[in-house]
Amino acid sequence: MFLQNTMKTHFVTLVFPFIFWLVQGLNPQCATQDHGSNLQVFHVYSPCSPFKPSKPLSWEEDVLQTLAKDQARLQYLSSLVAKKSVVPIASGRQIVQSPTYIVRANIGTPPQTMLMAMDTSSDAAWVPCTGCIGCSSAAFDYAKSTTFKTLGCQAAQCKQVSLAANLSCLPLYFVFTRDLYHLESCGNIFQVPNPTCGGSACTFNMTYGGSTIAGNLSQDTVTLATDPVPSYTFGCLQKTAGSSLPPQGLLGLGRGPLSLLSQSQNLYQSTFSYCLPSFRSLNFSGSLKLGPKGQPLRIKYTPLLKNPRRPSLYYVNLVAIRVGRKIVDIPPNALAFNPSTGAGTIVDSGTVFTRLVPPAYEAVRNEFRRRVRVANVTSLGGFDTCYTVPIVAPTITLMFSGMNVTLPQENLLIHSTAGSITCLAMSSAPALNVIANMQQQNHRVLFDVPNSRVGFAREQCS
């Protein structure tokens with residue numbers, strides 16, 4: 001699709017917003033020019049950050065809100081793999097309301113900077129566009145871009161989406177299936193036009209939560225680091241209604257036909273890695289490397305598995321878990337990959353705390369408690385293993401086919417600001433094991449799709 005054939009590796013800014021997502025622009029004193037393939041990074045609470053909260057939450061409030069929103073994402077992921085017709089709120093809303101990582105992308109000619117959420121479990125890209133009713137004031141002004149165009153209903157991308165979804169009357173449903181709250185049939189509430197559209201534009205109309213958003217399937221140049229990706233296909237939002245407004249944008253890193261990997265195939269060879277910084281980092285900075293060059297050579301891999309029901313998700317084979325030196329007793333079917341049901345384990349950048357199905361979580365939790373040897377165990381929200389005295393925690397090792405990932409205390413425990421409460425930062429989930437971003441922090445996580453593998457290597461990301 002694209003004419004660029006050189007393979008490059010680039011660093012893209014990562015920022016970690018806890019609660020606020022409205023981006024009014026960077027502090028002019030901080031918005032210095034990026035150079036080469038390195039982009040300037042900002043602490044979410046630094047004077048430069050557009051995400052500074054006006055009134056910080058207490059630690060307990062922050063944890064409880066994060067857990068609640070994390071749970072919604074887990075329900076969403078579980079519904080995806082089960083391929084249910086009613087899908088809970090997708091990562092688009094989680095980006096608005098819960099911790100996530102975002103990258104700085106430049107869209108259009110001349111470029112306009114947008115902070116787009118990075119989501120390995122989504123394919124689509126979409127941004128709020130100028131004139132959008134109900135959108136944030138920080139929107140992409142497509143009228144100022146000389147390379148922007150709205151795709152018509154006869155465009156290959158519009159037809160491709162329709163065919164991929166096997167929904168002839170819903171030309172954009174495949175792109176936004178991941179962001180739907182109710183997946184409706186033809187002629188129902190969304191009134192999405194058929195491929196002829198009755199007009200010139202390939203349009204969509206979708207809902208999530210209590211909100212409805214609508215827009216056009218569009219194309220423009222998207223520049224990541226120093227590389228332009230011309231004719232990038234994305235959704236240009238024109239209208240929102242309801243209490244859940246869309247963020248500045250979503251950049252899908254899944255494996256679907258309209259994901260970044262597919263649209264930049266010749267440039268980045270469907271290869272990328274990221275390094276997510278620790279919560280304790282003073283600047284919360286990290287990096288996203290695009291392309292096969294410059295990726296770590298000393299890294300261990302595990303094969304990627306493919307679920308035909310949800311081929312975009314990054315499934316891996318988790319075979320056992322070790323707490324300290326003991327491999328805990330987990331029934332094999334609790335970890336087994338089952339493409340017919342969607343059961344198994346995925347690596348996800350949007351979930352904050354790792355979740356394990358109950359038999360696996362209970363085995364890990366019980367051995368963790370036994371090794372900590374503190375009788376007084378309390379709870380906090382969804383965390384059921386918390387302590388009000390200092391503890392020495394064992395390591396937990398995730399044992400995959402071909403590699404082990406040992407998690408030290410910084411990847412396992414969350415602490416209150418005053419240090420009076422410490423919790424094991426894992427919980428249970430009903431149907432799917434999710435290796436979440438807290439457990440990925442300070443690791444280089446490499447997705448090598450052509451070779452169908454994902455690798456982990458310890459790295460200080462901050």
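User: Hi! Where does Pro 110 lie?
Analyst: Hello! In this predicted model, Pro 110 sits in the loop that links strand E2 (102-107) to strand E3 (112-119). A cis peptide bond connects Thr 109 to Pro 110, with omega at about -5 degrees.

User: Thanks. Let me step back a bit. How many helices and strands are there in the protein?
Analyst: The protein has nine helices and 27 strands. It consists of 462 residues, and 58% of them count as buried.

User: And what about the surface, how much does the protein expose?
Analyst: About 18000 Å² is exposed, with carbon and sulfur atoms supplying 54% of that area. As for contacts between residues at least 6 apart in sequence, 71% of them join residues at least 24 apart.

User: What is the mean pLDDT?
Analyst: The mean pLDDT is 75, and 64% of the residues reach 70 or more. Residues 12-24 have pLDDT below 50, and this stretch makes 72 contacts in the model beyond near neighbours in sequence.

User: For residues 162-196, what does the pLDDT do?
Analyst: It stays under 50 there too, and the model has 90 contacts for residues 162-196 beyond four places in sequence. Where pLDDT is low, the predicted coordinates should not be read in detail.

User: Good to know. On to sheets: what is the order of the strands in the open sheet with E18?
Analyst: The order is E18-E19-E23-E22, four strands with antiparallel pairing. Strand E18 (378-380) and strand E22 (413-415) are the edge strands, each pairing on one side only. On average, neighbouring strands in this sheet are turned by 40 degrees against each other, ignoring direction.

User: How many bridges join E18 to E19?
Analyst: Two bridges join E18 to strand E19 (residues 383-387), and the two strands run antiparallel. Looking at single residues, Thr 378 stands opposite Cys 386 in E19.

User: Which helix lies across E19?
Analyst: That is helix H8 (residues 358-372), which lies across E19, E22 and strand E23 (422-424). H8 runs at about 10 degrees to E19. H8 also lies across E14, E15 and E20, running at about 15 degrees to E14.

User: Tell me about that second group. What is the strand order there?
Analyst: E14, E15 and E20 belong to an open sheet of four strands in the order E15-E14-E20-E21, paired antiparallel. Its edge strands are strand E15 (326-327) and strand E21 (403-407), and each of these pairs on one side only.

User: How many bridges join E14 to E20?
Analyst: There are five bridges between strand E14 (residues 318-323) and strand E20 (residues 396-400). Within this pairing, Ala 320 has Met 399 in E20 as its bridge partner.

User: Back to H8 for a second. Which residue in the loop between H8 and E18 should I look at?
Analyst: Try Arg 373, which is found in that loop. Arg 373 has a positive phi of about 60 degrees although it is not a glycine.

User: Is Arg 373 buried or exposed?
Analyst: Arg 373 is exposed, because its relative accessible area is 72%, and over 50% counts as exposed.

User: What other residue, apart from glycine, has a positive phi?
Analyst: Ser 452 is one of them, with phi near 50 degrees. Ser 452 is in the loop between strand E26 (443-448) and E27, and it is partly exposed at a relative accessible area of 34%.

User: You mentioned E27. Which strand does E27 pair with over four bridges?
Analyst: Strand E27 (residues 453-458) pairs with strand E12 (residues 300-305) in the antiparallel sense. In this pair, Tyr 301 stands opposite Gly 455 in E27. E12 is also joined by two bridges to strand E13 (residues 315-316), again antiparallel, and there Leu 305 has Tyr 315 as its bridge partner.

User: Last topic: why does Gln 439 count as buried?
Analyst: Gln 439 counts as buried because its relative accessibility is 1%, and buried means under 20%. Gln 439 has its place in helix H9 (residues 437-440).

User: What is Gln 439 in contact with, leaving aside its neighbours within four places in sequence?
Analyst: Its contacts include Val 352, Phe 353, Leu 407 and Asn 411, along with Ala 425 and Met 426. A polar atom of the Gln 439 side chain lies 3.2 Å from the backbone oxygen of Ala 425.

Terms used
Residues are numbered from 1 along each chain as its sequence is written. This is a predicted model: local features need pLDDT of at least 70, side-chain atom pairs count only at pLDDT 80 or more; totals for chains, interfaces and linings use all residues. Side-chain values use heavy atoms; hydrogens and water are left out. Two strands pair if DSSP finds at least two bridges between them. Axes are lines fitted to C-alpha atoms, for helices over the stretch in contact, and angles run from 0 to 180 degrees between N-to-C directions. Contact means heavy atoms within 4.5 Å. pLDDT is the predictor's confidence in each residue, from 0 to 100. Buried means under 20% relative accessible area, exposed over 50%, partly exposed in between (1.4 Å probe, protein chains only). A polar contact is a pair of N or O atoms within 3.5 Å; within protein, one must be able to donate a hydrogen and the other to accept it, and residues adjacent in sequence count only if both atoms are side-chain atoms. Accessible areas come from the Shrake-Rupley method with a 1.4 Å probe; for residues, only the protein chains shown count as cover.
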